[in-house]
Amino acid sequence: MTTTRPNTKLLIPAKPVGIIGYGAYVPRYRLPAREVARVWVGGRTSGLPIKEKAVPGLDEDVVTMSLEAVRNALKRAGIDPAEIRAVWIGSESHPYAVKPTSTIVAEAIGAAPHVQAADMEFACKAGTEAMVMAMGLIGSGMARYAVAAGLDTAQGKPGDALEYTAAAGGAAFIIGPAEESLATINASYSFVTDTPDFWRREYQRYPEHGNRFTGEPAYFKHSTTAGKTLMEEMGTKPADYKWAIFHQPNTKFPQRTASLLGFTPEQIKPGLLSPVIGNTYAGAAIIGLTATLDIAQPGDRILMVSFGSGAGSDAFDITVTEKLLERRDKALKTQDYIARRTEIDYATYSRFRGKIAMK
Amino acid sequence: MEIPRHWRLNQQRYGLVGEVCPHCDTKIFPPRDICPACGQDAKTTFAFSGRGAVFSFTTIYEAPTGFDETAPYTVALVKLEEGPLVTAQLTDLGEAHPEIGMPVEMVTRRLRSDGDERGMLIYGYKFRPVLKPA
(Lines give C-alpha, C1' and ligand atoms only; values in the text may rest on other atoms or scores of the structure.)
Protein backbone atom coordinates (compact mmCIF):
# COMPACT_ATOMS: atom_id res chain seq x y z
CA MET A 1 0.00 0.00 0.00
CA THR A 2 1.32 3.45 -0.80
CA THR A 3 -0.01 6.76 0.30
CA THR A 4 0.62 10.05 -1.46
CA ARG A 5 1.51 12.88 0.83
CA PRO A 6 -0.31 16.12 0.20
CA ASN A 7 1.92 18.93 -1.01
CA THR A 8 2.20 20.87 2.21
CA LYS A 9 4.89 22.49 4.36
CA LEU A 10 3.24 20.97 7.39
CA LEU A 11 4.45 17.92 9.24
CA ILE A 12 1.37 15.72 9.50
CA PRO A 13 1.67 12.18 10.89
CA ALA A 14 0.25 9.38 8.75
CA LYS A 15 -1.80 8.22 11.73
CA PRO A 16 -3.34 10.83 14.07
CA VAL A 17 -1.33 11.43 17.28
CA GLY A 18 -1.70 13.37 20.47
CA ILE A 19 -0.69 13.98 24.06
CA ILE A 20 -1.59 11.06 26.36
CA GLY A 21 -0.14 12.64 29.49
CA TYR A 22 1.76 15.80 30.44
CA GLY A 23 3.76 16.97 33.41
CA ALA A 24 5.65 20.06 34.51
CA TYR A 25 8.44 20.75 36.94
CA VAL A 26 9.73 24.00 38.46
CA PRO A 27 12.31 23.96 41.28
CA ARG A 28 11.43 25.74 44.51
CA TYR A 29 13.96 28.60 44.66
CA ARG A 30 13.39 32.07 43.17
CA LEU A 31 15.92 34.77 42.43
CA PRO A 32 14.22 38.17 41.98
CA ALA A 33 15.54 40.21 39.03
CA ARG A 34 16.01 43.13 41.42
CA GLU A 35 18.65 41.03 43.26
CA VAL A 36 20.68 40.71 40.06
CA ALA A 37 20.21 44.45 39.51
CA ARG A 38 21.34 45.16 43.10
CA VAL A 39 24.63 43.34 42.55
CA TRP A 40 25.44 44.39 38.98
CA VAL A 41 23.80 47.73 38.10
CA GLY A 42 23.56 49.58 41.40
CA GLY A 43 20.00 48.47 42.02
CA ARG A 44 18.54 50.13 38.92
CA THR A 45 15.22 48.36 38.50
CA SER A 46 13.73 50.12 35.48
CA GLY A 47 13.18 47.82 32.53
CA LEU A 48 13.79 44.53 34.32
CA PRO A 49 12.83 41.72 31.93
CA ILE A 50 10.92 39.62 34.48
CA LYS A 51 9.96 39.65 38.17
CA GLU A 52 11.91 36.56 39.23
CA LYS A 53 13.36 33.30 37.96
CA ALA A 54 13.33 29.70 39.18
CA VAL A 55 16.66 28.34 40.43
CA PRO A 56 17.48 24.64 40.95
CA GLY A 57 18.55 23.36 44.35
CA LEU A 58 22.02 21.93 44.97
CA ASP A 59 20.84 18.38 44.26
CA GLU A 60 18.89 19.17 41.08
CA ASP A 61 19.84 18.99 37.42
CA VAL A 62 18.19 18.13 34.10
CA VAL A 63 18.10 14.41 35.03
CA THR A 64 16.25 14.93 38.31
CA MET A 65 13.91 17.60 36.92
CA SER A 66 13.12 15.51 33.83
CA LEU A 67 12.30 12.59 36.07
CA GLU A 68 9.73 14.52 38.06
CA ALA A 69 8.13 16.01 34.93
CA VAL A 70 7.99 12.60 33.23
CA ARG A 71 6.58 10.95 36.36
CA ASN A 72 3.83 13.58 36.41
CA ALA A 73 3.12 12.87 32.73
CA LEU A 74 2.95 9.14 33.48
CA LYS A 75 0.47 9.69 36.33
CA ARG A 76 -1.84 11.45 33.87
CA ALA A 77 -1.26 8.96 31.06
CA GLY A 78 -1.95 5.96 33.27
CA ILE A 79 0.07 3.66 30.99
CA ASP A 80 2.59 0.92 31.76
CA PRO A 81 6.06 2.54 31.35
CA ALA A 82 7.29 -0.74 29.82
CA GLU A 83 5.16 0.10 26.75
CA ILE A 84 7.20 3.25 26.05
CA ARG A 85 9.50 2.81 23.05
CA ALA A 86 11.36 6.13 23.08
CA VAL A 87 12.60 8.55 25.72
CA TRP A 88 13.85 11.80 24.22
CA ILE A 89 15.02 14.63 26.46
CA GLY A 90 15.80 18.06 25.03
CA SER A 91 18.11 20.42 26.91
CA GLU A 92 21.18 22.60 26.62
CA SER A 93 22.21 21.72 30.17
CA HIS A 94 22.50 17.94 30.16
CA PRO A 95 24.59 17.05 33.24
CA TYR A 96 27.10 15.06 31.20
CA ALA A 97 28.89 16.24 28.07
CA VAL A 98 28.99 12.57 27.03
CA LYS A 99 26.48 10.09 28.53
CA PRO A 100 22.78 10.45 27.88
CA THR A 101 20.31 11.99 30.29
CA SER A 102 17.65 9.89 28.58
CA THR A 103 19.09 6.51 29.65
CA ILE A 104 18.95 7.52 33.31
CA VAL A 105 15.37 8.76 32.92
CA ALA A 106 14.34 5.63 30.97
CA GLU A 107 15.82 3.37 33.65
CA ALA A 108 14.28 5.29 36.54
CA ILE A 109 10.73 5.33 35.13
CA GLY A 110 10.84 1.64 34.20
CA ALA A 111 10.90 2.16 30.43
CA ALA A 112 14.30 0.48 29.97
CA PRO A 113 15.54 -1.73 28.36
CA HIS A 114 13.21 -2.14 25.33
CA VAL A 115 13.40 1.51 24.41
CA GLN A 116 15.02 4.07 22.13
CA ALA A 117 16.79 6.84 24.07
CA ALA A 118 18.47 10.05 22.99
CA ASP A 119 19.22 13.58 24.14
CA MET A 120 18.17 16.48 21.93
CA GLU A 121 19.95 19.81 21.65
CA PHE A 122 18.71 22.92 19.83
CA ALA A 123 19.01 25.78 22.32
CA CYS A 124 15.51 26.66 23.53
CA LYS A 125 13.58 24.44 21.12
CA ALA A 126 15.12 21.07 22.05
CA GLY A 127 11.88 20.12 23.82
CA THR A 128 9.59 20.72 20.85
CA GLU A 129 12.16 19.01 18.63
CA ALA A 130 11.64 15.87 20.74
CA MET A 131 7.87 16.31 20.38
CA VAL A 132 8.01 16.47 16.58
CA MET A 133 10.20 13.36 16.49
CA ALA A 134 7.78 11.55 18.80
CA MET A 135 4.91 12.55 16.48
CA GLY A 136 6.82 10.87 13.66
CA LEU A 137 7.53 7.70 15.62
CA ILE A 138 3.93 7.29 16.76
CA GLY A 139 2.35 8.67 13.60
CA SER A 140 4.23 6.21 11.42
CA GLY A 141 2.98 3.32 13.50
CA MET A 142 6.48 2.33 14.65
CA ALA A 143 5.52 2.59 18.32
CA ARG A 144 2.55 3.27 20.57
CA TYR A 145 4.09 5.61 23.17
CA ALA A 146 7.07 7.95 23.34
CA VAL A 147 8.32 10.39 25.96
CA ALA A 148 9.27 13.87 24.73
CA ALA A 149 10.61 16.31 27.30
CA GLY A 150 12.39 19.66 27.44
CA LEU A 151 14.05 21.00 30.57
CA ASP A 152 16.98 23.22 31.41
CA THR A 153 19.07 24.58 34.21
CA ALA A 154 20.05 27.49 32.01
CA GLN A 155 23.41 29.20 32.28
CA GLY A 156 23.81 32.96 32.41
CA LYS A 157 27.14 34.74 32.69
CA PRO A 158 27.37 36.76 35.92
CA GLY A 159 26.27 40.32 35.21
CA ASP A 160 25.09 39.52 31.68
CA ALA A 161 21.60 40.44 30.47
CA LEU A 162 20.75 36.73 30.41
CA GLU A 163 21.50 36.29 34.12
CA TYR A 164 18.21 38.01 34.96
CA THR A 165 16.22 35.39 33.10
CA ALA A 166 18.23 32.11 32.67
CA ALA A 167 16.07 29.78 34.74
CA ALA A 168 15.31 26.14 35.54
CA GLY A 169 12.26 24.02 34.83
CA GLY A 170 10.38 22.42 31.97
CA ALA A 171 7.83 19.85 30.94
CA ALA A 172 7.36 16.36 29.59
CA PHE A 173 4.77 14.67 27.39
CA ILE A 174 3.75 11.12 26.63
CA ILE A 175 2.92 11.11 22.93
CA GLY A 176 0.63 8.37 21.66
CA PRO A 177 -2.29 7.56 19.35
CA ALA A 178 -4.93 10.28 18.97
CA GLU A 179 -7.75 8.05 20.21
CA GLU A 180 -6.08 7.82 23.65
CA SER A 181 -5.13 11.50 23.79
CA LEU A 182 -6.15 14.28 26.13
CA ALA A 183 -5.18 16.63 23.30
CA THR A 184 -4.59 15.77 19.67
CA ILE A 185 -1.69 17.30 17.76
CA ASN A 186 -3.24 18.08 14.40
CA ALA A 187 -0.04 19.18 12.68
CA SER A 188 3.29 20.87 13.24
CA TYR A 189 5.43 23.16 11.14
CA SER A 190 9.14 23.89 11.48
CA PHE A 191 10.99 26.96 10.24
CA VAL A 192 14.79 26.81 10.48
CA THR A 193 17.65 28.99 9.19
CA ASP A 194 21.34 29.42 10.02
CA THR A 195 21.09 32.50 12.23
CA PRO A 196 23.90 32.97 14.80
CA ASP A 197 22.04 34.84 17.54
CA PHE A 198 23.24 32.79 20.54
CA TRP A 199 25.69 29.95 21.10
CA ARG A 200 28.01 28.26 23.54
CA ARG A 201 31.26 26.76 22.32
CA GLU A 202 32.57 23.50 23.73
CA TYR A 203 34.19 23.74 27.20
CA GLN A 204 32.71 27.21 27.75
CA ARG A 205 30.64 27.66 30.91
CA TYR A 206 28.47 30.48 29.64
CA PRO A 207 26.82 31.24 26.31
CA GLU A 208 27.46 34.25 24.09
CA HIS A 209 24.73 36.21 22.35
CA GLY A 210 24.31 38.82 19.68
CA ASN A 211 22.60 41.39 21.94
CA ARG A 212 20.02 43.23 19.79
CA PHE A 213 20.58 40.74 16.96
CA THR A 214 18.71 38.16 19.06
CA GLY A 215 15.45 40.07 18.47
CA GLU A 216 14.29 40.89 14.93
CA PRO A 217 16.31 38.49 12.69
CA ALA A 218 16.21 35.64 15.19
CA TYR A 219 13.35 35.39 17.70
CA PHE A 220 10.70 37.50 15.97
CA LYS A 221 11.38 36.37 12.39
CA HIS A 222 11.31 32.67 13.26
CA SER A 223 8.45 32.62 15.74
CA THR A 224 6.14 34.84 13.69
CA THR A 225 6.91 33.04 10.41
CA ALA A 226 6.33 29.64 12.04
CA GLY A 227 3.02 30.72 13.58
CA LYS A 228 1.85 32.48 10.40
CA THR A 229 2.79 29.62 8.06
CA LEU A 230 1.16 27.00 10.27
CA MET A 231 -2.09 28.99 10.28
CA GLU A 232 -1.94 29.61 6.51
CA GLU A 233 -1.42 25.92 5.77
CA MET A 234 -4.09 24.84 8.25
CA GLY A 235 -6.50 27.48 6.98
CA THR A 236 -6.93 28.92 10.47
CA LYS A 237 -6.80 32.39 11.98
CA PRO A 238 -5.92 33.57 15.50
CA ALA A 239 -9.58 33.69 16.52
CA ASP A 240 -9.86 29.93 15.90
CA TYR A 241 -7.52 29.31 18.82
CA LYS A 242 -8.70 29.65 22.38
CA TRP A 243 -5.10 29.76 23.67
CA ALA A 244 -1.63 30.50 22.32
CA ILE A 245 1.86 29.96 23.70
CA PHE A 246 5.06 31.50 22.35
CA HIS A 247 8.63 30.90 23.46
CA GLN A 248 9.21 33.22 26.38
CA PRO A 249 12.79 34.43 26.94
CA ASN A 250 11.37 37.40 28.88
CA THR A 251 7.97 39.03 29.32
CA LYS A 252 7.88 41.34 26.29
CA PHE A 253 8.98 39.08 23.42
CA PRO A 254 6.04 36.63 23.56
CA GLN A 255 3.63 39.51 24.12
CA ARG A 256 4.93 41.24 20.99
CA THR A 257 4.85 38.05 18.90
CA ALA A 258 1.27 37.46 19.98
CA SER A 259 0.34 40.97 19.00
CA LEU A 260 2.19 40.77 15.62
CA LEU A 261 0.27 37.59 14.77
CA GLY A 262 -3.06 38.97 15.92
CA PHE A 263 -3.53 37.18 19.25
CA THR A 264 -4.98 38.92 22.29
CA PRO A 265 -3.37 39.19 25.75
CA GLU A 266 -6.15 36.90 27.08
CA GLN A 267 -5.16 34.11 24.68
CA ILE A 268 -1.56 33.99 25.92
CA LYS A 269 -2.29 34.67 29.59
CA PRO A 270 -2.35 31.13 31.10
CA GLY A 271 0.80 30.11 29.26
CA LEU A 272 2.86 33.23 29.91
CA LEU A 273 4.99 32.12 32.86
CA SER A 274 8.32 33.86 32.19
CA PRO A 275 7.50 36.83 34.48
CA VAL A 276 7.43 34.52 37.52
CA ILE A 277 9.76 31.62 36.59
CA GLY A 278 12.08 33.16 33.98
CA ASN A 279 13.23 31.61 30.74
CA THR A 280 13.38 27.84 31.17
CA TYR A 281 14.97 27.50 27.70
CA ALA A 282 14.05 24.05 26.29
CA GLY A 283 11.16 24.06 28.75
CA ALA A 284 9.88 27.57 28.10
CA ALA A 285 7.20 27.08 25.45
CA ILE A 286 6.13 23.62 26.58
CA ILE A 287 5.70 24.54 30.25
CA GLY A 288 3.40 27.27 28.93
CA LEU A 289 1.49 24.45 27.24
CA THR A 290 1.22 22.40 30.46
CA ALA A 291 -0.06 25.47 32.34
CA THR A 292 -2.61 26.03 29.56
CA LEU A 293 -3.73 22.38 29.54
CA ASP A 294 -4.25 22.74 33.31
CA ILE A 295 -7.12 25.16 32.63
CA ALA A 296 -8.27 24.31 29.08
CA GLN A 297 -11.63 22.76 28.19
CA PRO A 298 -12.48 20.02 25.68
CA GLY A 299 -12.71 21.47 22.17
CA ASP A 300 -10.26 24.30 22.90
CA ARG A 301 -7.72 24.75 20.13
CA ILE A 302 -4.18 25.75 21.11
CA LEU A 303 -1.34 27.21 19.04
CA MET A 304 2.16 26.71 20.41
CA VAL A 305 5.30 28.16 18.86
CA SER A 306 8.76 27.47 20.27
CA PHE A 307 11.99 29.22 19.36
CA GLY A 308 15.54 27.95 19.57
CA SER A 309 18.58 30.06 18.85
CA GLY A 310 20.71 29.13 15.94
CA ALA A 311 17.81 29.34 14.86
CA GLY A 312 14.38 27.86 14.38
CA SER A 313 10.79 27.57 15.53
CA ASP A 314 8.38 24.64 15.78
CA ALA A 315 4.68 25.49 15.62
CA PHE A 316 1.91 23.12 16.75
CA ASP A 317 -1.85 23.02 16.20
CA ILE A 318 -3.45 21.21 19.16
CA THR A 319 -7.05 20.38 20.07
CA VAL A 320 -8.10 19.43 23.62
CA THR A 321 -10.30 16.32 24.00
CA GLU A 322 -12.77 15.16 26.68
CA LYS A 323 -10.07 12.96 28.24
CA LEU A 324 -8.27 15.99 29.65
CA LEU A 325 -10.91 16.46 32.34
CA GLU A 326 -10.47 13.00 33.85
CA ARG A 327 -6.66 13.12 33.74
CA ARG A 328 -5.46 16.57 34.68
CA ASP A 329 -6.02 16.26 38.43
CA LYS A 330 -3.96 13.06 38.61
CA ALA A 331 -0.71 14.99 39.05
CA LEU A 332 0.49 18.34 40.38
CA LYS A 333 -0.30 21.28 38.14
CA THR A 334 2.19 23.78 36.78
CA GLN A 335 0.85 26.51 39.08
CA ASP A 336 1.29 24.22 42.11
CA TYR A 337 5.02 24.26 41.46
CA ILE A 338 5.04 28.00 40.83
CA ALA A 339 3.23 28.63 44.14
CA ARG A 340 5.91 26.64 46.00
CA ARG A 341 8.45 29.40 46.38
CA THR A 342 11.49 30.19 48.50
CA GLU A 343 13.19 33.47 47.69
CA ILE A 344 16.99 33.46 47.71
CA ASP A 345 19.58 36.22 47.52
CA TYR A 346 22.40 36.54 45.02
CA ALA A 347 24.93 34.94 47.38
CA THR A 348 22.82 31.78 47.83
CA TYR A 349 22.16 31.75 44.09
CA SER A 350 25.92 31.92 43.47
CA ARG A 351 26.47 28.91 45.71
CA PHE A 352 23.57 26.91 44.24
CA ARG A 353 24.76 27.52 40.69
CA GLY A 354 28.40 26.72 41.39
CA LYS A 355 29.57 30.27 40.70
CA ILE A 356 31.87 30.38 43.75
CA ALA A 357 35.41 29.21 42.98
CA MET A 358 36.35 26.51 45.52
CA LYS A 359 39.80 25.70 44.14
CA MET B 1 35.89 4.69 41.10
CA GLU B 2 33.13 2.37 42.23
CA ILE B 3 31.12 2.04 39.03
CA PRO B 4 29.80 -1.54 39.48
CA ARG B 5 28.71 -0.93 43.06
CA HIS B 6 26.57 2.06 42.10
CA TRP B 7 25.29 0.48 38.87
CA ARG B 8 23.97 -2.56 40.77
CA LEU B 9 21.89 -0.24 42.95
CA ASN B 10 20.32 1.77 40.08
CA GLN B 11 16.84 0.29 40.37
CA GLN B 12 16.47 0.55 44.12
CA ARG B 13 18.06 3.99 44.28
CA TYR B 14 16.22 5.61 41.35
CA GLY B 15 12.76 4.28 41.98
CA LEU B 16 12.70 2.85 45.52
CA VAL B 17 12.33 -0.66 44.13
CA GLY B 18 12.50 -3.37 46.81
CA GLU B 19 10.88 -6.75 47.25
CA VAL B 20 7.68 -8.31 48.52
CA CYS B 21 7.59 -11.68 50.29
CA PRO B 22 5.35 -14.10 48.35
CA HIS B 23 4.74 -16.06 51.58
CA CYS B 24 3.74 -13.40 54.14
CA ASP B 25 3.39 -10.23 51.98
CA THR B 26 6.02 -8.31 53.97
CA LYS B 27 7.45 -5.44 51.92
CA ILE B 28 11.23 -5.37 51.97
CA PHE B 29 13.64 -2.46 51.47
CA PRO B 30 16.47 -2.56 50.68
CA PRO B 31 16.03 -5.82 48.76
CA ARG B 32 17.77 -8.77 50.45
CA ASP B 33 16.08 -11.83 48.82
CA ILE B 34 15.21 -13.35 52.22
CA CYS B 35 12.14 -12.16 54.10
CA PRO B 36 13.15 -10.66 57.45
CA ALA B 37 9.71 -11.54 58.86
CA CYS B 38 9.30 -15.23 57.91
CA GLY B 39 12.80 -16.20 56.79
CA GLN B 40 11.70 -17.61 53.42
CA ASP B 41 12.83 -16.68 49.89
CA ALA B 42 11.53 -13.29 48.77
CA LYS B 43 12.75 -12.24 45.33
CA THR B 44 9.62 -10.64 43.84
CA THR B 45 10.38 -7.00 43.01
CA PHE B 46 8.08 -4.36 44.45
CA ALA B 47 8.03 -0.62 43.68
CA PHE B 48 7.27 1.40 46.79
CA SER B 49 4.84 4.30 46.59
CA GLY B 50 7.45 6.71 47.95
CA ARG B 51 5.06 8.00 50.60
CA GLY B 52 6.05 7.92 54.26
CA ALA B 53 6.62 9.92 57.43
CA VAL B 54 9.71 11.14 59.27
CA PHE B 55 10.50 8.70 62.08
CA SER B 56 13.57 10.55 63.31
CA PHE B 57 16.10 12.99 61.90
CA THR B 58 19.37 14.81 62.43
CA THR B 59 21.15 17.64 60.66
CA ILE B 60 24.68 17.04 59.38
CA TYR B 61 27.07 19.97 59.47
CA GLU B 62 30.37 18.05 59.19
CA ALA B 63 29.63 15.94 56.13
CA PRO B 64 31.57 12.87 55.03
CA THR B 65 33.71 13.07 51.89
CA GLY B 66 31.58 13.51 48.79
CA PHE B 67 28.68 15.13 50.62
CA ASP B 68 30.47 18.30 51.79
CA GLU B 69 29.24 20.39 48.84
CA THR B 70 25.64 20.17 50.01
CA ALA B 71 26.17 20.47 53.80
CA PRO B 72 24.41 21.31 56.00
CA TYR B 73 21.66 18.81 55.20
CA THR B 74 19.13 16.78 57.14
CA VAL B 75 19.14 13.00 57.20
CA ALA B 76 16.02 11.17 58.30
CA LEU B 77 14.78 7.73 59.08
CA VAL B 78 11.64 7.58 56.96
CA LYS B 79 8.91 5.09 57.81
CA LEU B 80 7.48 4.08 54.44
CA GLU B 81 3.73 3.64 54.09
CA GLU B 82 4.34 -0.04 53.25
CA GLY B 83 6.37 -0.66 56.41
CA PRO B 84 10.16 -0.49 55.98
CA LEU B 85 12.32 2.18 57.56
CA VAL B 86 14.82 3.80 55.18
CA THR B 87 17.63 6.28 55.78
CA ALA B 88 17.70 9.19 53.34
CA GLN B 89 18.36 12.88 53.06
CA LEU B 90 15.47 15.32 53.26
CA THR B 91 15.44 17.96 50.53
CA ASP B 92 13.48 21.04 49.44
CA LEU B 93 12.67 21.88 53.06
CA GLY B 94 12.62 25.61 52.27
CA GLU B 95 11.38 27.37 55.39
CA ALA B 96 9.92 24.15 56.85
CA HIS B 97 11.52 22.61 59.92
CA PRO B 98 11.63 18.83 59.87
CA GLU B 99 9.65 17.15 62.60
CA ILE B 100 8.82 13.63 63.66
CA GLY B 101 5.68 12.48 61.87
CA MET B 102 6.08 14.95 58.99
CA PRO B 103 4.57 13.40 55.82
CA VAL B 104 7.19 13.10 53.09
CA GLU B 105 7.41 11.80 49.53
CA MET B 106 10.26 10.32 47.52
CA VAL B 107 12.06 12.32 44.85
CA THR B 108 15.09 11.27 42.82
CA ARG B 109 17.96 13.68 43.22
CA ARG B 110 21.66 13.96 42.59
CA LEU B 111 23.33 12.41 45.65
CA ARG B 112 26.95 13.17 44.84
CA SER B 113 29.72 12.81 42.32
CA ASP B 114 31.89 9.70 42.48
CA GLY B 115 35.21 11.36 43.29
CA ASP B 116 35.92 14.78 41.79
CA GLU B 117 34.16 16.70 39.01
CA ARG B 118 35.34 14.11 36.48
CA GLY B 119 33.55 11.23 38.22
CA MET B 120 30.18 9.73 37.42
CA LEU B 121 27.09 11.32 38.91
CA ILE B 122 25.19 9.28 41.45
CA TYR B 123 21.43 9.71 41.59
CA GLY B 124 19.07 8.31 44.18
CA TYR B 125 16.12 8.79 46.48
CA LYS B 126 15.63 11.64 48.90
CA PHE B 127 12.42 12.73 50.58
CA ARG B 128 10.72 16.12 50.62
CA PRO B 129 7.69 17.44 52.51
CA VAL B 130 4.60 16.27 50.59
CA LEU B 131 3.90 18.82 47.88
CA LYS B 132 0.20 19.59 47.82
CA PRO B 133 -1.88 21.34 45.15
CA ALA B 134 -1.79 25.11 45.67
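Let me start with Asp33 of chain B, Asp33(B), which counts as partly exposed in this predicted model, with a relative accessibility of 33%. Asp33(B) sits in the loop that runs between strand S2 (27–28) and strand S3 (44–47) of chain B, and its phi is positive, at about 70°, although the residue is not a glycine. That deserves a remark, because most residues other than glycine have a negative phi.

Chain A offers another case, and here I would ask whether Ala123(A) is buried or exposed. Ala123(A) is buried, because its relative accessible area is 6% and the cut-off for buried is under 20%. Its phi is near 40°, again a positive value in a residue other than glycine, and Ala123(A) is found in the loop between S5 and helix H4 (126–139) of chain A.

Let me turn now to the peptide bonds, with the reminder that most of them are trans. In chain A, a cis peptide bond joins Ala112(A) and Pro113(A), with omega about 5°, and Pro113(A) belongs to the loop between helix H3 (101–109) and strand S5 (116–120). In chain B, Ala71(B) and Pro72(B) are joined by a cis peptide bond whose omega is about -5°, and Pro72(B) has its place in the loop between strand S4 (51–60) and S5 of that chain.

From that loop we can move on to strand S5 (residues 73–80) of chain B, where Leu77(B) is found. Together with Phe55(B) and Leu85(B), Leu77(B) makes a nonpolar surface patch of about 250 Å², and Leu77(B) itself is partly exposed, with a relative accessible area of 30%.

Finally, the interior: how many cavities of 30 Å³ or more does the structure hold? There are 2 of them, and the largest has a volume of about 50 Å³. Its lining includes His6(B), Arg13(B), Tyr14(B) and Ile122(B), and helix H2 (10–15) and strand S8 (121–129) of chain B each supply at least two of the lining residues. By class, that lining divides into 6 nonpolar, 2 polar and 1 charged residues.

The second largest cavity, with a volume of about 30 Å³, is lined by residues of chain A, among them Lys53(A), Pro56(A), Thr153(A), Tyr349(A) and Arg353(A). The largest share of this lining, 3 residues, comes from strand S3 (residues 52–55) of chain A, and the classes here are 8 nonpolar, 1 polar and 2 charged.

Technical notes: Residues numbered from 1 in each chain as written. Chains lettered and ligands numbered in written order. Predicted model: local features only at pLDDT ≥ 70, side-chain atom pairs only at ≥ 80, totals over all residues. Heavy atoms only, no water. 1 Å grid on protein atoms, 1.4 Å probe; cavity = no way out; pocket = protein on both sides within 12 Å on 5 of 7 lines; lining within 4 Å. Points joined across faces, edges and corners; volume = space filled by probe spheres on them. Helix = DSSP H or I, 4+ residues; strand = E, 2+ residues; numbered from the N terminus. Nonpolar A, V, L, I, M, F, W, Y, C, P; charged D, E, K, R; others polar. Patch = residues over 30% accessible without salt bridge, like charges linked within 9 Å, V, L, I, M, F, W, Y side chains within 5 Å. Areas by Shrake-Rupley, 256 points an atom, 1.4 Å probe, with all protein chains shown as cover. Salt bridge = Lys/Arg side-chain N within 4 Å of Asp/Glu carboxyl O. Buried < 20%, exposed > 50% of the residue type's maximum accessible area, 1.4 Å probe, protein only.
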